[in-house]
Amino acid sequence: MSADPYAFASQAAEQIVKGMGVTALPINPCTIAEKREIVVQAKPVEDKGCSGMLVRLGNDFAIAYATHLQNEGFENFSIAHELGHYFMPGHVEAVIQGETGMHLSRAGFNSGNKYEAEADRFAAGLLMPRHLFFPAIDRAGEGLAAIEALATLCKTSLHATAIRYTQCARDPVAIIVSRGGVIDHCFMSEALKQLDGIDWLKKREGVPRNTATFAFNQVPANVEHGVRQEETSNLQHWFGGKRHIEISEDVVGLGRYGKTLTVLYGIDLPDPEEEEDENNLIKSWTPRFKR
Ligand SMILES: [Zn+2]
């Protein structure tokens, strides 16, 4: 896996936060917009067309953001995404044609478009800058509970917080977003990517049938009502490989978003030497039948 191609976008946002002297979470993207005299306006709830838009009138800019999900975290993310288009070099020219015009966005970490992906990463860095987010992670505990605590602290959506969490966590953790039996996307922490015998869950791959997430997604009301479960699972079920190790699997419905968030953590691998000893022990105790 190559280095993260969009890391510079969240770093650019972190520099802006630092430069504005913001020293505590949550970061209010409207305050940052105000400092640049950008007008920020809520779109009517009925307007479900896009997550947000950046409007340009010569040298003046305005941001409108969607409110139909009625989720403050999603709204902050949408505003921060538009700020990404405003601040990132080359974006305004690329996403708005001419001196007057507008750009419509679909924020949310699932875009193949370079500018949308950069704006999403900018938003994550702006609302959860590492110099403030790292210490918060250390205090947050683990699993879904940690992500919920961080989302409350940062006023960000569970989904965006979960993704940022895997980018910053020191422990082996993964988050999976699914709909029904299908995996929409998956993010793993560096520590998990570096484990031997771990396969990437590929986009559009099925949710493994013998997991709590699969059972959870069989009941649509679980997703709609934001039901929350803390279960256990097996490393092998999710990632293949040879290790049959019990792990924690927390699952929560994302409500109007229509998807499910799964957090896999508590992945305590035996250290490689111990594992080797154990394998040798098993071998030495396995009877061999020779003819
Ligand atoms: Zn956009």
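Two strands count as paired if DSSP finds at least two bridges between them. Keep that rule in hand for the first stop. The model on screen is a predicted one.

**Stop 1: strands 1, 2 and 3**

Select residues 39-42 and residues 60-65. These are strand 1 and strand 3, which run parallel and are joined by four bridges. To find the register, pick Val40. Its bridge partner in strand 3 is Ile63.

Now add residues 52-57. This is strand 2, which pairs with strand 3 over six bridges, in the antiparallel sense. Here the register can be read from Val55, whose bridge partner in strand 3 is Ala62. Strand pairing of either kind, parallel or antiparallel, runs through backbone hydrogen bonds.

Follow strand 2 into strand 3. The two form a hairpin, with two residues between them. Click on Gly58 in the turn: its phi is positive, about 65°.

**Stop 2: Arg56**

Stay in strand 2 and select Arg56. Is Arg56 buried or exposed? Its relative accessibility is 12%, so Arg56 counts as buried; the cut-off for buried is under 20%.

Show the side chain. It reaches the backbone oxygen of Gly58 at 2.7 Å, and Gly58 is the turn residue with the positive phi. Then display the surroundings. Leaving out residues up to four places away in sequence, Arg56 touches Phe61, Val92, Ile96, Gly98, Glu99, Thr100 and Gly101.

**Stop 3: the loop between strands 1 and 2**

Go to Asp47, in the loop between strand 1 and strand 2. Asp47 has a relative accessible area of 28%, so this residue is partly exposed. Put a distance between the C-alpha atoms of Asp47 and Ala66. The two are 7.0 Å apart in space and 19 residues apart in sequence.

**Stop 4: the zinc ion**

Center the view on the zinc ion. Which atoms coordinate it? The donors are His81 (NE2), His85 (NE2), His103 (NE2), Ser105 (OG), Glu116 (OE) and Glu116 (OE), at 2.0 to 2.5 Å. Glu116 is listed twice.

Why is the arrangement irregular? The six donor atoms subtend angles of 53 to 167° around the zinc ion, and that range makes it so. For six donors to count as octahedral, opposite donors must be over 155 degrees apart and all others between 65 and 115.

Trace the donors along the chain. Their spacing is H-x3-H-x17-H-x1-S-x10-E. Ser105 belongs to strand 4 (residues 100-105) and Glu116 to helix 5 (residues 114-127), so this pair ties together parts that are 11 residues apart in sequence.

Color these two donors by accessibility. Ser105 has 1% relative accessibility and counts as buried. Glu116 is buried too, with a relative accessible area of 9%.

**Stop 5: the five-stranded sheet**

Next, bring up strands 5 to 9. Five strands form an open sheet with antiparallel pairing, in the order 6-5-9-8-7. Strand 6 (182-188) and strand 7 (228-234) stand at the edges; each has a single partner strand, so one side of each is left without a neighbour in the sheet. From one strand to the next, the twist averages 20°.

Zoom in on the strand 7 edge. Seven bridges join strand 7 to strand 8 (residues 246-253), and the two run antiparallel. Select Arg228 and look across: Val252 in strand 8 stands opposite.

Add residues 143-154. This is helix 7, which lies across strand 5 (174-179), strand 7, strand 8 and strand 9 (260-265). Helix 7 runs at about 120° to strand 9.

**Stop 6: backbone exceptions**

Most residues other than glycine have a negative phi, and most peptide bonds are trans. Three places are worth a click.

- Select Leu25 and Pro26. A cis peptide bond joins them, with omega about 0°. Pro26 sits in the loop between helix 1 (7-19) and helix 2 (29-35).
- Select Glu37, in the loop between helix 2 and strand 1. Glu37 is not a glycine, yet its phi is positive, near 55°. At 71% relative accessibility, Glu37 counts as exposed.
- Select Lys155, in the loop between helix 7 and helix 8 (158-168). Lys155 has a positive phi of about 55°, although it is not a glycine. Its relative accessible area is 36%, so Lys155 is partly exposed.

Conventions:
Residues numbered from 1 in each chain as written. Predicted model: local features only at pLDDT ≥ 70, side-chain atom pairs only at ≥ 80, totals over all residues. Heavy atoms only, no water. Donors = N, O, S within 2.8 Å, 3.2 Å for Na, K, Ca; no water. Tetrahedral: all angles 85-135°; square planar, octahedral: opposite > 155°, others 65-115°. Buried < 20%, exposed > 50% of the residue type's maximum accessible area, 1.4 Å probe, protein only. Axes fitted to C-alpha atoms, helices over the stretch in contact; angles between N-to-C directions. Contact = heavy atoms within 4.5 Å. Polar contact = N/O pair within 3.5 Å; in protein donor to acceptor, adjacent residues only side chain to side chain.
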